[in-house]
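Thanks, everyone. Let me put the structure up, and then I will talk through a few aromatic rings and the core around them.

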Amino acid sequence: MELFARIIVGYHGCTEEFARDLLLGTRAIADWQPSANTWDWLGHGIYFWEHSPERALRWAREKHTPIGGTPALLGAVIQLGRCFDLLNEAVTGLLAENYQALAQAYVSQGQTLPENHGHERKRRDLDCLIINDCLNHLREGGMEYDTVRGAFLEGDPVYLGAGFSRETHIQVAVRNPACILGVFRPNLLT
């Protein structure tokens with residue numbers, strides 16, 4: 001991990017049982033299982049909304065309430081470490097190069113790359129594949145990344161003609177749980 005990496009506050013939507021286990025120490029942060037869906041927006045990792053507790057709690061409500069779970073919110077202090085930051089042009093350049101190589105490999109094997117799909121393209125199969133593949137190639141070359149960070153324009157415009165969207169957010173996928181320095185229960189008034 002980089003010694004002087006940025007520290008952020010992130011928020012994770014989860015179940016009450018999971019939050020309680022982490023907060024009481026009956027589940028270690030090191031045992032936190034990363035998301036490994038084929039549609040994960042930033043590749044595989046433990047997901048956080050950067051500085052957006054309300055959004056993380058809304059996500060937990062949308063995911064867990066319909067199946068009878070009790071939604072909860074965890075805050076975390078996260079040291080980004082070596083961050084594959086998609087707000088950095090050098091990183092997006094690497095990702096573009098990797099996409100080209102992977103697309104060529106798929107074509108030469110007679111395969112089709114997956115696509116991002118679903119409502120508002122929230123199933124990010126293509127993005128997940130490209131990010132995971134790129135990070136795997138970098139790791140093979142000796143460059144290991146601890147976190148992935150990206151900004152997403154999402155939702156309706158804030159007002160007619162706006163360049164801002166109502167649900168714009170920054171997400172972080174933690175690939176190395178050692179970057180999660182600690183967790184806490186946010187004091188929300190909602």
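Let me begin with Trp41 and Phe152, both of which are buried, where buried means under 20% relative accessible area, exposed over 50% and partly exposed in between, with a 1.4 Å probe and protein chains only. This is a predicted model, in which local features need pLDDT of at least 70 and side-chain atom pairs count only at pLDDT 80 or more, while totals for chains, interfaces and linings use all residues. Residues are numbered from 1 along each chain as its sequence is written, and side-chain values use heavy atoms, with hydrogens and water left out.

The charged end of Arg124 sits over the ring of Trp41, 4.1 Å from its centre; the criterion is NZ of Lys or CZ of Arg within 6 Å of the ring centre and within 35 degrees of the ring normal. Arg124 itself counts as buried, at 15% relative accessibility, and, leaving out residues up to four places away in sequence, Arg124 touches Thr38, Trp39, Asp40, Trp41, Asn116 and Phe152, contact being heavy atoms within 4.5 Å. In a similar arrangement, the charged end of Arg123 lies over the ring of Trp39, 3.8 Å from its centre.

Turning to the core, the largest nonpolar one has 20 residues, and those with the most contacts inside it are Leu42, Phe84, Leu135 and Val148; such a core is a set of buried Ala, Val, Leu, Ile, Met, Phe, Trp, Tyr and Cys residues joined through side-chain atoms within 4.5 Å. Outside its neighbours within four places in sequence, Leu42 has contacts that include Ile131, Val148 and Phe152.
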